[in-house]
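User: I have a chain open on my screen and would like to talk it through with you. Can we start with one residue and work outwards?

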Amino acid sequence: QVQLVESGGGLAQAGGSLRLSCAFSGRTFDRYTMGWFRQAPGKGRERVAAVSRSGILKSYADSVKGRFTISRDDAKNTVYLQMNSLKPDDTAVYYCAASLDWGAAAKYDYWGQGTQISVSS
């Protein structure tokens, strides 16, 4: 069974930076597409970024392009989300997830518990 544990959440000021980490265990990490999602109060879940099994393909939501960077370290079984130029609209609970698929319709079967990001203006 895959387990995902996020860390690195917290408070930031607008314009600041944070880096989220997600530790993967229980299966072979490099078989999985990894994604970051977020959900703000009263809003639906949004896929923020995803990285393919190879680490070569990456996709981003338009709202974070040019500000957020997803990466993975297969030696550490960890995926990261570097968040720069943070905005108050980035305030949400961020979730790490794993999928055996790639693409916009990929089904994510495993989820972390989430970590809160709060950005003040």
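User: Which residues does Val 5 touch, not counting those up to four places away in sequence?

Analyst: Bearing in mind that this is a predicted model, Val 5 touches Ser 21, Cys 22, Ala 23 and Gln 113, once residues up to four places away in sequence are left out.

User: And is Val 5 buried, exposed or partly exposed?

Analyst: Val 5 counts as partly exposed because its relative accessibility is 48%, and the cut-off for exposed is over 50%.

User: Which strand is Val 5 in, and what sits on each face of strand E1?

Analyst: Val 5 is found in strand E1, which covers residues 3–7 and has Leu 4 and Glu 6 on its covered face, whereas Gln 3, Val 5 and Ser 7 make up the uncovered one.

User: Which strand is joined to E1, and how many bridges are there?

Analyst: E1 is joined by five bridges to strand E3, residues 18–25, and the two run antiparallel; within that pairing, Glu 6 stands opposite Cys 22 in E3.

User: Switching to strand E7, which side chains are buried there?

Analyst: In E7, residues 68–73, the buried side chains are Phe 68, Ile 70 and Arg 72, which point to one face, while Thr 69, Ser 71 and Asp 73 point to the other face and are not buried.

User: Why would they alternate like that?

Analyst: In a regular strand the side chains take turns between the two faces of the sheet.

User: What does E7 pair with, and what is in the turn?

Analyst: E7 is joined by six bridges to strand E8, residues 78–83, in an antiparallel arrangement, with Thr 69 standing opposite Gln 82 in E8. The two strands form a hairpin with four residues between them, and Asn 77 in the turn has a positive phi of about 50°.

User: Zooming out, how many helices and strands does the protein have?

Analyst: The protein has zero helices and eleven strands. Its radius of gyration is 13 Å, close to the 14 Å that the globule rule gives for 121 residues, so the protein is as compact as a globular protein of that length.

User: How much of it is buried, and what about charges?

Analyst: Of the 121 residues, 42% count as buried, and the accessible surface comes to about 6200 Å², with 46% of that belonging to carbon and sulfur atoms. As for charges, the protein carries 15 positive and 10 negative side chains, and the centres of the two sets lie 1 Å apart.

Technical notes: Residues are numbered from 1 along each chain as its sequence is written. This is a predicted model: local features need pLDDT of at least 70, side-chain atom pairs count only at pLDDT 80 or more; totals for chains, interfaces and linings use all residues. Side-chain values use heavy atoms; hydrogens and water are left out. Buried means under 20% relative accessible area, exposed over 50%, partly exposed in between (1.4 Å probe, protein chains only). Two strands pair if DSSP finds at least two bridges between them. The radius of gyration is taken over C-alpha atoms; the globule rule is 2.2 Å times the number of residues to the power 0.38. Accessible areas come from the Shrake-Rupley method with a 1.4 Å probe; for residues, only the protein chains shown count as cover. Lys and Arg count as positive and Asp and Glu as negative; His and the chain ends are not counted. The place of a charge is taken as NZ of Lys, CZ of Arg, CG of Asp or CD of Glu. Contact means heavy atoms within 4.5 Å.
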